[in-house]
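Colleague: Got a minute to talk pockets? Let me pull the structure up first.

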Amino acid sequence: MIVKESLHDYMKVGIVHFMAYPFAAGGDQPVAASVAEVVEDDFFEEIEITRINDREERDAVTGLLRTSGVDVGFGAQPWLLKGGYDLNSFDEDRRAQAVAAMKAAVDQAYEVGARKIGFLSGPRPPQRRDEALALLVDSVVQVGRYARSQGDGGLVLSLETFDDSTDKRALVGTNRLACEVASEVRKAVPDFGLMVDLSHLPMQGETPRQALSATRDFINHAHIGTCVIRDLDDPAYGDLHPYFSHPKGESGVPEVREFLRCLLDIGYLREDAAERAVVAFEVQPLGAQRSRAVVADAKRVLREAWRTL
């Protein structure tokens with residue numbers, strides 16, 4: 001497929017704020033200035049933020065988001081990871097704590113005006129996988145029902161698929177397994193969906209075609225980024241989402257181009273869509289790197305990938 005129109009005719013380009021500005025991931029630092037940097041750049045039509053613990057700071061960010069008119073997503077992934085929460089824990093008390101944390105994330109997502117909330121499964125257990133999957137489904141259904149009962153009921157859940165053996169070692173570490181979870185959850189929460197991230201695919205051992213063909217009926221969010229997995233000693237090894245031009249990175253213009261082509265082929269991206277779907281950068285500065293430089297690199301990669309489709 002050859003596409004000549006603007007990429008913005010097909011997608012809302014987003015960015016994971018707490019990855020581009022990693023100090024924001026814990027929820028305790030002032031973030032309004034960095035959120036302003038993103039929303040004042042009209043290249044972006046969507047931003048994904050995470051918990052902001054200070055009420056005054058949260059109100060300031062909420063005002064920025066409303067003023068700018070961007071779509072807002074809420075990332076519960078840092079909340080779950082930093083808190084050690086496990087939505088598929090065999091320990092019922094631990095699982096209840098994870099569900100409670102997700103409900104608190106739902107509350108804050110509504111507060112800041114988010115329309116979608118991303119999260120991940122708990123760790124992959126060494127055995128009893130099917131039991132863990134059933135527990136995960138039960139937890140997600142609880143959260144989904146809670147989300148529908150709060151606010152205006154319009155917050156959509158999106159389960160992000162991670163690796164199951166490289167870094168996060170999550171239970172939902174393949175996209176086909178994620179589809180099994182989604183199929184069960186949708187019996188109770190019909191608008192539930194999956195988030196597919198290009199940067200995770202090399203760790204999952206899947207190509208864009210394999211991952212997106214499997215998830216075409218469930219995908220409701222897409223991330224693009226890269227990873228380093230061939231050199232265990234590299235500081236960027238694992239699920240760190242380095243800049244696209246990293247010399248040991250797995251994804252660059254060709255891989256982003258293929259990911260976009262597959263998103264078009266499965267109908268996730270369509271020029272005639274009633275509402276354009278989101279494709280969001282997930283890139284992170286490492287060491288002394290500057291956030292703006294890493295984001296600019298990502299924008300250049302996306303433009304070139306689109307130009308050469």
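Modeller: Sure. This is a predicted model. Start with the lining of the largest pocket: by class, that lining has six nonpolar, four polar and seven charged residues.

Colleague: What volume does the largest pocket have?

Modeller: About 440 Å³. It is lined by 17 residues.

Colleague: Which residues are closest to its centre?

Modeller: Lys116, Asn220, Glu275, Arg276 and Ala277.

Colleague: And which strands supply at least two residues each of that lining?

Modeller: Three of them are strand S3 (71-75), strand S7 (219-224) and strand S8 (277-281). The largest share comes from S3, with three residues.

Colleague: OK, switching. What's the volume of the second largest pocket?

Modeller: About 310 Å³. Its lining counts 18 residues.

Colleague: Which of those sit closest to the centre?

Modeller: Phe18, Met19, Pro78, Leu81 and Lys168 are the closest.

Colleague: Which helices feed that lining with at least two residues each?

Modeller: Helix H1 (17-20) and helix H4 (77-83). H4 gives the largest share, four residues.

Colleague: How does the second lining split by class?

Modeller: Nine nonpolar, four polar and five charged residues.

Colleague: Quick recap for my notes, please.

Modeller: For the largest pocket, note about 440 Å³, with S3 as the top contributor to the lining and seven charged residues in it. For the second largest pocket, note about 310 Å³, with H4 as the top contributor and nine nonpolar residues in the lining.

Terms used
Residues numbered from 1 in each chain as written. Predicted model: local features only at pLDDT ≥ 70, side-chain atom pairs only at ≥ 80, totals over all residues. Heavy atoms only, no water. 1 Å grid on protein atoms, 1.4 Å probe; cavity = no way out; pocket = protein on both sides within 12 Å on 5 of 7 lines; lining within 4 Å. Points joined across faces, edges and corners; volume = space filled by probe spheres on them. Nonpolar A, V, L, I, M, F, W, Y, C, P; charged D, E, K, R; others polar.
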